Amino acid sequence: MGKVLDVEVSPERETGPKAKRKKSEGNAPQGCIDLTEDSPTCSNQQQTTTTDKLSVISWNVDGLDKDNLANRAKGLCSVLVSHTPDVVLLQELIPNYIRNLKKWAVHKGYTVIEGGEGDYFTGMLLKNSRVQLLKSEIVTYPTTQMTRNLLVAKVSFKGQELWLMTSHYESCKENGKERMEQLRLVMKRMREAPDNINVLFGGDTNLRDTEVAKVGLPSSVFDVWERLGKQEQCRYTWVTKANTNTGIRHISRFRFDRVYLRPATREGVPHLAPDHMALVGQQKLQCGRYTSDHWGILCYFSAE
């Protein structure tokens, strides 16, 4: 077995937005992404429904990689059909992807929120029967060099207000300083939310543990993976040895994708608590690739 390198291969050359954009320009255009048919690749998965708990999927879908994009988008939809999450937090969407995903999602009973209008951006899906949108906003990171931002949705879940957040933090190893500033901004907004509000963040943070340690988390906010016992099988979401989409020969793994929760603390108000975490998207599709170069995170939360 090769040695695992906890260092990032330079994203400008291998995995970052610039490299993905350059790679996609050399491919033949795929045209419309047809999501009207369910992918047969996940037909053996059973649909799960947990009506008393909040279910959330956070996933960087790697829309900048155009190879087999239509098949990979169907892979995403198959996972959503299988787990029927209440909330889906998505990163690295592109206009063609979200345009067709929106048609599918609306048909399936979801409200779609877009976090931008550029080359790539974030988004959310909210299951109408379970989560009602009250208000959404896009918060700009003042010093980002990659047009990154924070998408916030204030929603109602089972009659209680809940704030949802997603973001795609600055990429590349050398941009740690900017990433830490983005983390500080998000933590400040989570910490300062009213004490009767549960606040949930999920996204592709690109964070290294050393960067999180330097910034620190507020005492009221916790990392869901850590709170659930740091299960090794859920630790790494970007793994070049297991996920061949990147085409990177070096063996490298990171916990780029993270979920943070700040429970409500006011007396008499139900507060969210994490029950379960699992990774999704680890099945290779019939096209020979995975849905994304990231694994997605599936979480369940109960109200206590």
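**Strand β12 and its neighbours**

Modeller: In β12, the residue opposite Val199 is Arg262. The model is predicted, with local features needing pLDDT of at least 70 and side-chain atom pairs counting only at pLDDT 80 or more, while totals for chains, interfaces and linings use all residues. Residues are numbered from 1 along each chain as its sequence is written, and side-chain values use heavy atoms, with hydrogens and water left out.

Colleague: What makes β12 largely enclosed by the rest of the structure?

Modeller: Buried means under 20% relative accessible area, with exposed over 50% and partly exposed in between (1.4 Å probe, protein chains only). In β12, residues 257-262, 6 of the 6 residues are buried, so the strand is largely enclosed.

Colleague: Which residues of β12 point one way, and which the other?

Modeller: Asp257, Val259 and Leu261 point one way, whereas Arg258, Tyr260 and Arg262 point the other, and all are buried. In a regular strand, side chains alternate between the two faces of the sheet.

Colleague: How do you know that β8 and β12 pair?

Modeller: Strands are DSSP runs of E, at least two residues, and helices are runs of H or I, at least four, numbered from the N terminus. Two strands pair if DSSP finds at least two bridges between them. Strand β8 (residues 198-204) has 6 bridges to β12, running antiparallel, so the two pair. Gly202 has Val259 as its bridge partner in β12.

Colleague: Why is β9 called an edge strand?

Modeller: The open sheet has 6 strands in the order β5-β6-β7-β8-β12-β9, with mixed pairing. Its edge strands are β5 (131-140) and β9, each pairing on one side only. Strand β9 (residues 222-223) joins β12 through 2 bridges in the antiparallel sense, and Phe222 has Leu261 as its bridge partner there.
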